[in-house]
Amino acid sequence: MVFLEFEKPLEKLHEQLEKLIQINEEGELDMSDKIKELENKINKKSKEIFSNLSGWERVQLSRHPQRPYTEFYIEHITTKFVELHGDRYFNDDKAIIGGLGKIGTQSVVIVGQQKGTNTKMRQYRNFGMANPDGYRKALRLMKLAEKFKLPVITLIDTPGAYPGIEAEERGQAEAIARNLFEMANLRTPILAYVIGEGASGGALGIGIGDKVFMLENTWYSVISPENCSTILWRTWDYKETAAEALKLTPEHMLEFGLIEDIVKEPLGGAHKDPEKMAKTLKAHIVKQLKEINEIDTDTLLKNRIERYKNIGEFEEVTE
Amino acid sequence: MGWFKRLKKGVQTSSNLKKDTPDGLWFKCKGCGHTTTNKDISEHFYVCPKCGFHERIGPGEYFKIIFDGKYIRLFANLKSKDFLNFTDLKSYGDRLKAADKKKPGREAIEVAVGKVKQKPLVIAAMDFAYIGGSMGSVVGEKISRAVDYCIENRLPLLIISKSGGARMMESAFSLMQMAKTSIQLAQLSNAGLPFFSLMTNPTTGGVTASFAMLGDINFAEPKALIGFAGPRVIKETIKKDLPEGFQTSEFLLDHGFLDFITHRKDLKDTINDLIVLFNTKSDFKLTEDK
Ligand SMILES: [Zn+2]
């Protein structure tokens, strides 16, 4: 188990619990009462810690190395899935995956950023940082969905679009902009879920939705707290302060009206019980699909335009 | 969403903008150091006669260069506010106050309608001197309204980009302006009206990755920095030096992301050609009550 800094009080309790379980299994002493007592204590402490997380702690949880990623959810949510590769121009970006899937009786197109689960795979997936090819693959699949009237589900989890020489040469900005433009006009429902990190234009590049949701321990912001700290405080050290200032938690985003709902995670985070998390997410998607399928396409697009057109806070000065 | 606070105090909404360039006698080129008079440089579109360096200018200068004299400012009553109480080394509120002091009655983008050789056009020009031309709610809203205005009056739109990217102090709201502007430009496109995107030095971040790259025509001034990620970030990520001329207008033209590069002296003629060639017809009349 990996314990984050703020989870340290739990680490000791878990160590004690493991010892008790070991003694119990050796069969000399019956420890079941003690185990139960300690489990309750852990549960209580967990609730205490996790009901009071700061912005920065959410960011850390969203990056937890054991957190489930897009591939895991696809595997657990769909009964059938065919992964589709390539942007048909240049490349198959490994940082964005997608394909055709079946959720219940409904065929859908799922697209999402994918991080690696070990050192080798993290590199292979470029840490979930897509190149233009990834955004263009995503758009190709979304156009496919439009053609066959299938809803699109996007799973967002990226520290940002990749800042590299080739990415600029192949038009990272154009690829993201094109997706925003095309998703505006896409004549099929789009549900967007932030399942981990929602950083900047790289997240938004697959993030336009008729409805947008965030898992409980995720964040969505114009910039990562570290980069924000570097630019505005001129040092890396203010990332915690930046995370607070950016108001990037799902609760803030819901309050601002920028997302429609928060999907509950198991106590301690999605990685504590990934199967349960996938079940909750699936139930959420199924319910949302049912609702959104009722809306005719013209109304859907009209609402989508209004949803984004209304975003903004400013003063209107009168003479 | 969208709670608009109405203020009592007035705002300067005179239809023509003041110039942003200093009034002193001498002008020194930032490209080659060549010294000339301010009068001379302003008559040469703020381009160095010796090396061709395009001096950074504001919306007022662009309006003067492109429009036939008279134009009308639009949506000048929209003002940024510190709705998240964002504080870094300075509060956003103080940053706005400082920007307002430097540029009274202005924002990071100014919109105006006028005529180019008798043909109407809406221009939204960004102002780098106002918090780095950063995109916050006001930039998004002004572009959104400019698009609606174009659709209503059947007018073409020119956006002149000049920005460091999104305005961090508006957090997710600034990010969502990328979506808002792009979605509105999709409506302009659906209405069959042309959008010309002129990129000037610098055009980076969320501005490039939204409206700036979505022109029916994408063009740029010479030697402008245009990109998604800033050169410093890329250099730190790949830990290598960047190639010569990386992320310049010329680089983007070479890689297929610009239609052409225009010298500022040809700007008005180029835009006129585009309006003529796209055959945009409108019976729009330029009057103050529009
Ligand atoms: Zn010069």
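These are my notebook entries on a predicted model with chains A and B.

**Chain A, overall**

I started with the secondary structure and found 14 helices and nine strands in chain A. Next I looked up the radius of gyration. Chain A has 21 Å, and a compact globule of 319 residues would come out near 20 Å, so the value agrees with that rule. Along the principal axes, the C-alpha atoms take up a box of roughly 70 × 55 × 40 Å. As for burial, 48% of the 319 residues of chain A count as buried. I also checked how far apart in sequence the contacts reach: among contacts in chain A with a separation of 6 or more, 70% link residues 24 or more positions apart.

The domain assignment cuts chain A into domain 1 (5-52) and domain 2 (59-309). I have the C-alpha centres of domain 1 and domain 2 of chain A at 35 Å from each other.

**Helix α4 of chain A**

Which residues of α4(A) are buried? In this helix, residues 70-77, I noted T70(A), Y73(A), I74(A) and I77(A). Looking down the axis of α4(A), I see these buried residues within an arc of 100°, so they line one face of the helix. Then I asked what covers the buried residues of α4(A). The cover includes five strands of chain A, β1 (80-83), β2 (96-103), β3 (106-113), β4 (152-158) and β5 (190-199), along with helix α13 (274-293).

**Where A meets B**

I turned to the contact between the chains, which takes 49 residues from chain A and 59 residues from chain B. On the chain A side, the elements giving two or more residues are α7 (165-169), α8 (172-185), α9 (200-204), β7 (219-221), α10 (225-233), α14 (297-309) and β9 (314-317). Which of them gives the most? That is α8(A), with nine residues. By residue class, the side of chain A that touches chain B splits into 29 nonpolar, 11 polar and nine charged.

There is strand pairing across the chains too. β9(A) pairs with strand β5 (residues 78-80) of chain B in the antiparallel sense, over three bridges. I jotted down one facing pair: E315(A) stands opposite K79(B) in β5(B).

**Strands in chain B**

I followed the pairing outward from β10(B). Strand β9 (residues 195-203) of chain B and strand β10 (residues 217-220) of chain B run parallel and are joined by four bridges. β10(B) also runs parallel to strand β11 (residues 260-261) of chain B, with two bridges between them. F219(B) turned up in both pairings: L198(B) stands opposite F219(B) in β10(B), and the bridge partner of F219(B) in β11(B) is F260(B).

**Helix α9 of chain B**

My last stop was α9(B), residues 267-277, where L267(B), I271(B), L274(B) and I275(B) are buried. These residues cover an arc of only 100° around the axis, which puts them on the same side of α9(B). What sits on the face turned away from the buried side of α9(B)? I found the exposed residues D269(B), D273(B), V276(B) and L277(B) there.

The cover over the buried residues of α9(B) includes α2 (59-66), β6 (109-116), β7 (119-126), β8 (157-163), β9 and β10 of chain B. So the strands β9 and β10 that I had paired up earlier come back here as part of that cover. Finally, I looked just past the end of α9(B), where N279(B) takes a positive phi of about 60°.

Technical notes. Residues numbered from 1 in each chain as written. Chains lettered and ligands numbered in written order. Predicted model: local features only at pLDDT ≥ 70, side-chain atom pairs only at ≥ 80, totals over all residues. Rg over C-alpha atoms; globule rule 2.2 N^0.38 Å. Buried ≥ 20, exposed ≤ 12 C-beta atoms within 10 Å, placed from the backbone. Contact = placed C-beta atoms within 7 Å. Arc of directions from axis to C-beta. Nonpolar A, V, L, I, M, F, W, Y, C, P; charged D, E, K, R; others polar. Pairing = 2+ DSSP bridges. Domains from an automatic or database assignment.
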